[in-house]
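Biologist: I'd like a close look at a single part of this protein, told as one connected story. Could you pull up the model so that we can go through it together?

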Amino acid sequence: MKIIAVASDGESVSPHFGHCEGFTLFQTENGQITGKTYIPNPGHKPGFLPVFLAEKNVSVIISGGMGGGAVDLFNEKNIAVVTGAAGAAADAVTAYLAGKLVSSGSVCHDHSYEGECGK
């Protein structure tokens, strides 16, 4: 089983990882979604969320945008980072599983993130 986390605002992919409402964790097996769980964002503290999600056995994180520090921390935890996603969270995971969702490399450069994400 592979767990794919999506930084979510409601049912949609959040434009910014750290400021999302929560994380939808999709359990997947053999290229199919087999279940999902929602976890509210426990708070945006530098360095915390990659460790938090690693403890949930996440192997992929999908988001609209993410800061470079978070990307580095996920990479250290061997968690694949996919940025530049938008739309329904479930659709993003389905596209990822089909090999159709590729990271845009969208990295937020300003911690306030206004106007920087999704580029």
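How many salt bridges does the count come to? And once that's settled, please walk me through strand β1 and its surroundings.

Modeller: Keep in mind that what we have here is a predicted model. The salt bridge count comes to one. The pair is E11 and K36, whose closest N and O atoms sit 3.4 Å apart. Those two residues link distant parts of the chain: E11 belongs to the loop between β1 and β2, while K36 is in strand β4 (residues 32-40), 25 residues apart. E11 counts as exposed because its relative accessible area is 57%, and the cut-off for that word is over 50%.

That loop takes us straight to your strand. β1 and β2 make a hairpin with two residues between them, and G10 in the turn has a positive phi of about 65 degrees. The two strands run antiparallel and are joined by two bridges. If you want a spot to click on, D9 is opposite S12 of β2.

Now for β1 itself, which covers residues 2-9. Six of its eight residues are buried, so the strand is largely enclosed by the rest of the structure. Buried here means under 20% relative accessible area.

Who are its other neighbours? Strand β3 (residues 22-29) runs antiparallel to β1, with seven bridges joining them. Strand β5 (residues 58-62) runs parallel to β1, and four bridges join that pair. I3 is a handy residue for seeing both: I3 stands opposite Q27 in β3, and its bridge partner in β5 is V58.

β1 also feeds into the largest nonpolar core, a group of 19 residues where F17, F23, L25, L53, I61, M66 and F74 have the most contacts. At least two residues of this core come from each of β1, β3, α1 (48-54), β5 and α2 (68-76). In soluble globular proteins, nonpolar side chains tend to be buried together.

Try zooming in on F17. Leaving out residues up to four places away in sequence, F17 touches a whole list of others, including A7, F23, L53, I61, M66 and F74. There's also a second, separate core of twelve residues, and among them are F26, V60, A92 and L101.

One last stop is helix α3 (residues 89-97), where you'll find T94. T94 counts as partly exposed because its relative accessibility is 46%. T94 and Q32 are 62 residues apart in sequence, yet their C-alpha atoms are 7.5 Å apart in space.

Technical notes. Residues are numbered from 1 along each chain as its sequence is written. This is a predicted model: local features need pLDDT of at least 70, side-chain atom pairs count only at pLDDT 80 or more; totals for chains, interfaces and linings use all residues. Side-chain values use heavy atoms; hydrogens and water are left out. Buried means under 20% relative accessible area, exposed over 50%, partly exposed in between (1.4 Å probe, protein chains only). Two strands pair if DSSP finds at least two bridges between them. A salt bridge is a side-chain nitrogen of Lys or Arg within 4 Å of a carboxyl oxygen of Asp or Glu. A nonpolar core is a set of buried Ala, Val, Leu, Ile, Met, Phe, Trp, Tyr and Cys residues joined through side-chain atoms within 4.5 Å. Contact means heavy atoms within 4.5 Å.
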